[in-house]
Amino acid sequence: MTMKIAVLPGDGIGPEIVKQALRVLDVLKNEGMEMEFTEAPLGGQAYDEYGHPYPEFTQKVCRAADAVLLGAVGGPQYDNLDRPLRPERGLLAIRKDLGLFANLRPAMLYPELANASTLKPEVVAGLDIMIVRELTGDVYFGQPRGMRTNDEGEREGFNTMVYKESEVRRIAHVAFGIAMKRGKKLCSVDKANVLETTEFWKEIVIDVAKEYPEVELSHMYVDNAAMQLIRNPKQFDVMVTGNIFGDILSDEASMLTGSIGMLASASLNASKQGLYEPSHGSAPDIAGQNLANPIATILSVAMMLRYSFDNEAAAVRIEAAVKKVLAAGYRTGDIYEEGMKKVSCSEMGDQIVAAM
Ligand code: IPM
Ligand code: MG
């Protein structure tokens, strides 16, 4: 079966990091793995070409694909566009369109990079957390939303935090399933002391837990979770939470590892179709200079092979190549330390391809 992959380079450093990730896939293709790539624009790039951040052409290409590889979207030149036309809306639209409700954001620290974290090495050494973020519900998509003039004649902004039972159940199943394959510990993050939506979330998670008696389930308020992630991050194995809390906590967790340039992510729907992208943004300040770290995107390709194509061996092989290159001392600027070998984006790609 040919693996159909949609390639969305996007904005900023997107094209250069995606190029390196495609070189890694090319290694596998040249060895006989059948894959077919179709490129399409998303975000600002799509706005420039089609006047919309998620145009019909891109939608067609992505719907027909088994997996989507995305670089990054956004840039200062698009900040003044009407809200529905901004690059971020393209990302939200593709998530919703493909039903990508399960966002997996691993935060793991490579031993070689323990000094890159702003936390003490002993606090973060060996860190390996998986954040499971619900991605198509919550205040991100809840209706009604908008800005209006209220009955007292004052202007106000408003959003709706809402979760349906089916939405909580399916993300809880994904999280328990992942916990079963890891350390069998799951922490569900809520704000049940204040928000009914998340009190409901907690109730459903507790119900789903009955089907996973081997998993040790705990609950934490989001403010405490934000604090515990800094205080003692190694207490966590898998965390599951809603869209907005997951957005914030996953950025926080990423910095425990020292560089957001290292972290992959997967967004999956019920039929294993997935969008794979680095956790970092489009970094317009260094775009086009061959300085970006392509590792997060390359590790996203590993996640693609694991989750959309059930090819654990190929995933592990890519991850091992990354480890080997780090152990050999190669570093892009964002993770550079004195005494290491500083390389460009494409040179990092060269090294990883060679290590495979
Ligand atoms: C992320 C980003 C997006 C989000 C933005 C760009 C819409 O921060 O993927 O975490 O909030 O989900
Ligand atoms: Mg975010």
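**Figure 1. The largest pocket of the predicted model and the residues nearest its centre.** In this predicted model, the largest pocket is lined by 30 residues, and those that lie nearest its centre are Leu104, Met130, Met303, Arg306 and Tyr307. The elements that give two or more residues to this lining are strand S4 (102–108), strand S5 (128–134), helix H6 (165–181), strand S11 (264–268), helix H10 (295–307) and helix H11 (312–327). Helix H6 provides the largest share of the lining, with 5 residues. The volume of the largest pocket is about 880 Å³, and its lining comprises 17 nonpolar, 4 polar and 9 charged residues.

**Figure 2. The second largest pocket, whose space is taken by ligand 1.** The second largest pocket has a volume of about 750 Å³, and among the 30 residues that line it, Glu88, Arg89, Leu92, Arg95 and Tyr140 are the closest to its centre. Two or more residues of this lining come from each of strand S3 (67–72), helix H4 (87–98), strand S6 (146–149), strand S7 (155–158), helix H9 (243–256) and strand S12 (274–278). Helix H4 gives the most to the lining of the second largest pocket, namely 5 residues. When the lining is divided by class, 10 residues are nonpolar, 9 are polar and 11 are charged. The space occupied by ligand 1 is this second largest pocket, so that the view also serves as the setting for the close-up of the ligand that follows.

**Figure 3. Ligand 1 and the residues around it.** The shell around ligand 1 is made up of Glu88, Arg95, Arg105, Arg133, Tyr140 and Asp247, and by class these residues divide into 1 nonpolar, no polar and 5 charged. For Arg95, an N or O atom of the side chain is 2.7 Å from an oxygen atom of ligand 1. In the case of Arg105, a polar side-chain atom lies 2.8 Å from an oxygen atom of the ligand, and for Asp247 the corresponding distance, again from a polar side-chain atom to an oxygen atom of ligand 1, is 2.9 Å. Ligand 1 taken alone exposes 320 Å², of which the protein buries 73%. Two members of the shell, Glu88 and Arg95, also appear among the residues closest to the centre of the second largest pocket, as does Tyr140.

**Figure 4. The largest cavity, lined in part by residues of S4 and H9.** The model holds 2 cavities of 30 Å³ or more, and the largest cavity contains about 70 Å³ of space. Its lining is formed by Arg105, Pro106, Ala107, Ile131, Ser250, Asp251, Ala253, Ser254, Ile260, Leu263 and Ser279. Strand S4 and helix H9 each supply at least two of these lining residues, and the largest share, 4 residues, comes from H9. The lining of the largest cavity divides into 6 nonpolar, 3 polar and 2 charged residues. Arg105, which belongs to this lining, is also one of the residues around ligand 1, where a polar atom of its side chain lies 2.8 Å from an oxygen atom of the ligand.

**Figure 5. The second largest cavity and the residues that line it.** About 50 Å³ of space lies in the second largest cavity, and the residues lining this space are Asp138, Tyr163, Val189, Thr198, Trp201, Thr241, Gly242 and Phe245. By class, the lining consists of 4 nonpolar, 3 polar and 1 charged residues. Asp138, a member of this lining, is found in the loop between S5 and S6, which is taken up again in the next view.

**Figure 6. Backbone features of the loop between S5 and S6.** Asp138 is located in the loop between S5 and S6, and its phi is near 75°, a positive value in a residue other than glycine. Pro144 lies in the loop between S5 and S6 as well, and a cis peptide bond, with omega at about 0°, joins Gln143 and Pro144. The view therefore brings together residues placed between strands that are numbered from the N terminus, namely Asp138 and Pro144.

Notes:
Residues numbered from 1 in each chain as written. Chains lettered and ligands numbered in written order. Predicted model: local features only at pLDDT ≥ 70, side-chain atom pairs only at ≥ 80, totals over all residues. Heavy atoms only, no water. Near = heavy atom within 4 Å. Polar contact = N/O pair within 3.5 Å; in protein donor to acceptor, adjacent residues only side chain to side chain. Areas by Shrake-Rupley, 256 points an atom, 1.4 Å probe, with all protein chains shown as cover. 1 Å grid on protein atoms, 1.4 Å probe; cavity = no way out; pocket = protein on both sides within 12 Å on 5 of 7 lines; lining within 4 Å. Sits in = over half its atoms within 2 Å of the grid points. Nonpolar A, V, L, I, M, F, W, Y, C, P; charged D, E, K, R; others polar. Points joined across faces, edges and corners; volume = space filled by probe spheres on them.
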